[in-house]
Amino acid sequence: MSQSENTTAQATALTNHDRKPIHIPGSIQPHGILLALSTQLEILQVSNNTQVYLYKAPEDLLGQPLSYLLEPQPVEIVKQCLVKQVGSANIFKVLINTLYGEIYFDAIAHRTEEAVILELEPTDSEFEVSFLNFHSFASEAIAKMQRTSNLGEFLHLVAEEVQKIIGFDRVMVYQFDESEAGSVVAEVKREDLSPYLGLHYPATDIPAQARELYTRCFLRFLPDLTAEPVKLVPTENPTTHQHLDLSYSVLRSFDWCCAEYHQNMGVKALLVISIIQEQKLWGLISCHHQTPKYISYEVRKMCEFLGQIASSELAHKISYSEWDYKVKLKSLQSEFLESISQADNFIDALIKPEIRLLDLVSASGAAVCLDNEIALVGTTPNIDEVRALIEWADTQVSDNLFSTDSLPKLYSEALIFKDTASGLLLLRISKVRRYYILWFRPEVIQTVHWAGNPQESMQAQADGSYTLSPRKSFEQWQETVRLTSLPWKPCELDSAIALRNAIVGIVLSKADELAKINLELERSNQELASFAYAASHDLKEPLRGIYNFSTVLLEDYAQVLDDDGIECLQTVVSLSVRMETLINALLRLSQLGQAQLRLQATDLNELLNQVIDVFRASRQDSGLVDIRIPRPLPTVSCDRVLVNEVFSNLLGNAFKYNDKAEQWVEIGYFSQGEAEGQGSRGAGEQGSRGVGEQRSRGEVTVVSPLPLCPSAPLPLVPNAQCPIFYIRDNGIGIPQHHLETIFRLFKRLHSQEKYGGGAGAGLAIVKKIVELHNGKIWVKSTVGAGSIFYFTLE
């Protein structure tokens with residue numbers, strides 16, 4: 001058999017395996033019973049184990065109404081499934097009288113396209129888990145997840161919390177990659193078990209139809225992988241003459257291949273919880289036990305709920321890190337486009353300064369090709385190799401964007417320069433002329449640790465065909481992957497496409513193209529700001545209702561609630577207040593995005609007096625307020641209402657984040673020329689230049705300035721005539737690595753309980769106002785000594 005025929009045979013085996021109808025096995029697991037009902041709730045099919053649990057043979061139940069088995073109330077609950085969506089379940093406790101006494105069951109009812117399915121699992125308890133008990137269980141785990149920012153620590157914590165609930169020998173978090181293969185990214189296990197952490201598994205280990213079921217049913221429980229399945233009687237639905245769809249069934253039996261696969265791993269019981277991101281299967285929480293182990297339905301629902309919370313929190317952890325990177329790319333792109341639009345020479349604009357072209361997609365090298373002119377930047381193949389690569393791309397690449405992390409596998413000549421260009425991102429700017437930008441990444445040799453040799457799953461038959469069989473060994477098997485680079489991220493591809501869309505007008509001599517793009521971006525930003533305003537505004541009404549009704553319950557019904565209930569309601573009230581604070585901050589920020597500046601000549605001394613008067617009035621019980629003003633502030637053209645807000649926020653923060661016995665704040669300014677000269681002198685030596693005499697204004701003291709930052713010259717701002725304002729304090733200071741992040745929306749460096757709480761929006765609002773004035777804001781700080789916030793208003 002040729003290599004191509006061999007590959008085709010293997011692909012056929014994979015396709016056949018993925019088409020196995022595992023959702024209609026015609027049987028269930030034996031730890032419960034199943035009844036399939038008509039729309040009139042007549043029993044059409046039953047599992048062949050009703051004698052074990054109900055002491056009634058299947059033929060005694062077939063054709064009977066459900067009321068033959070259940071009381072009117074549970075029958076009514078099952079009937080409600082008829083008007084619900086397919087797969088949506090009603091869950092309740094039910095008592096059934098049998099020949100040998102009363103038996104309690106956990107009942108799970110849901111509707112399929114052709115029937116209503118009722119599943120019954122015997123239980124020792126007639127009571128459901130109370131809300132307060134469930135809240136007690138969940139709140140601590142959720143709080144831990146929210147406090148953890150590191151993704152690896154978060155996933156380990158998820159495995160740990162699930163293991164606490166179910167007591168299985170091993171709990172793993174399993175993540176899928178782009179090829180549907182997966183790896184274990186977190187693990188909690190019994191000490192004597194071999195670790196699986198870091199091991200990879202081929203896509204065939206979890207077939208496509210199983211992955212599809214995991215996106216619909218978020219939990220799968222197999223308490224005994226050695227148990228014989230129980231057939232349905234009759235095998236086919238007598239109405240549709242089809243096998244019963246058990247996609248949403250909690251008792252659905254398992255495939256022999258699944259059982260053998262896990263038994264080869266020494267596993268006898270299995271619980272799997274889905275992790276969903278953007279309606280796609282991101283990964284699984286896979287729980288293994290070495291012996292059969294049953295856990296109640298209620299405990300499984302707790303695990304499912306924890307999985308959903310983990311999915312939600314995981315989205316925040318992933319999106320937060322991705323968002324930072326996307327913002328960085330957007331910022332680079334914006335600067336890049338501005339320089340290109342003003343440049344006379346297109347290639348010079350792209351590669352000078354060269355680092356921007358590389359940073360735009362995080363590449364190590366790039367080539368810009370305009371017809372026969374090629375410019376290289378960074379680490380790249382030589383000119384002749386790049387020219388030959390472009391010749392190959394002309395015939396092989398039809399799209400405007402092409403990317404690969406393994407160029408040598410597609411273009412054999414690339415083996416020569418694999419050390420510099422195993423990864424290629426190619427952007428075609430024009431289809432009429434040969435205008436390209438190529439980015440390169442070097443080879444990164446990787447060692448992939450597989451759980452057993454993945455090729456062992458593919459078994460060759462005597463007739464030359466292939467079948468998939470469970471692997472016998474899961475011992476670590478190493479594979480060295482060569483000729484590949486780090487993969488290109490979707491946001492990097494988006495950045496490249498955005499670059500093409502922006503520069504196509506320049507390349508084709510259409511000067512108005514950039515103007516149209518800028519107008520579109522402005523319109524999008526306005527729409528986004530309007531959306532944020534509308535969404536935040538509309539959130540306030542239901543939030544107010546939550547607050548009001550919770551307050552009514554506390555005031556009028558406290559006597560009928562226990563202490564736990566009152567505490568829960570008090571938590572709802574406090575969280576409502578907290579959420580309103582956040583919404584108000586978001587509203588304010590969105591309003592600023594739509595604001596039109598009302599510029600007027602403003603005496604900042606008069607404005608600052610108003611700010612200080614209001615500040616003093618709000619701090620009457622806080623003792624002396626020591627505010628130092630080295631010299632009168634200038635008159636500037638600005639929006640006095642918004643600048644008032646800038647001074648109010650910065651002044652409030654200066655005293656708020658201060659734990660000194662004697663607190664002070666200094667407010668002043670200096671010109672650009674003074675800033676240039678302070679590198680060796682310090683700003684404090686400007687005190688002899690026009691500094692007013694020392695005087696008192698109530699509790700505000702006007703004094704000569706103290707040194708600001710003697711050894712660190714200030715960054716210059718574009719407008720040489722623009723004064724630089726500063727607000728300096730002797731507060732707690734800010735760690736160096738937080739100096740950029742403090743200006744993000746809702747960014748707090750301390751818990752809500754410390755330093756008076758707050759929404760963490762003040763500095764984001766200040767930054768927005770300063771930028772509306774075409775100014776800049778930055779900060780210098782020393783932990784324990786204080787901070788200096790600088791800003792300009794151009």
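**Exercises on cysteines and a helix contact**

A search of the whole structure, a predicted model, finds zero disulfides.

**Exercise 1.** Determine the disulfide status of cysteine 258 and classify the accessibility of cysteines 258 and 568.

*Solution.*
1. A disulfide requires two cysteine sulfur atoms within 2.5 Å.
2. For cysteine 258, the nearest cysteine sulfur belongs to cysteine 257 and lies 7.9 Å away, and cysteine 258 is in no disulfide.
3. Buried means under 20% relative accessible area, and exposed means over 50%.
4. Cysteine 258 has 24% relative accessibility and therefore counts as partly exposed.
5. Cysteine 568, at 18%, therefore counts as buried.

**Exercise 2.** Test whether the length of helix 19 agrees with its number of residues.

*Solution.*
1. Helix 19 comprises residues 640–656.
2. Its 17 residues, at 1.5 Å a residue, should span 24 Å.
3. The end C-alpha atoms are 24 Å apart, so the two values agree.

**Exercise 3.** Describe how helix 19 packs against helix 22.

*Solution.*
1. The axes of helix 19 and helix 22 (residues 762–772) come within 9 Å and cross at roughly 145 degrees.
2. The crossing is left-handed.
3. Helix 19 contributes Leu642, Glu645, Val646, Asn649, Leu650 and Asn653 to the contact, while helix 22 contributes Gly762, Leu763, Ile765, Val766, Ile769, Val770 and Leu772.
4. By class, the contact residues comprise nine nonpolar, three polar and one charged.
5. The buried residues of helix 19 include Leu642, Glu645, Val646 and Leu650, and these residues also take part in the contact with helix 22.
6. Among the other buried residues of helix 19 are Val643, Phe647 and Phe655.

Terms used. Residues are numbered from 1 along each chain as its sequence is written. This is a predicted model: local features need pLDDT of at least 70, side-chain atom pairs count only at pLDDT 80 or more; totals for chains, interfaces and linings use all residues. Side-chain values use heavy atoms; hydrogens and water are left out. Buried means under 20% relative accessible area, exposed over 50%, partly exposed in between (1.4 Å probe, protein chains only). Axes are lines fitted to C-alpha atoms, for helices over the stretch in contact, and angles run from 0 to 180 degrees between N-to-C directions. Helices (H or I, at least four residues) and strands (E, at least two) are DSSP runs, numbered from the N terminus. A crossing is left-handed if the near helix is turned anticlockwise from the far one by less than a right angle, and right-handed if clockwise. Contact means heavy atoms within 4.5 Å. Ala, Val, Leu, Ile, Met, Phe, Trp, Tyr, Cys and Pro count as nonpolar, Asp, Glu, Lys and Arg as charged, and the others, Gly among them, as polar. The expected span of a helix is 1.5 Å times one less than its number of residues.
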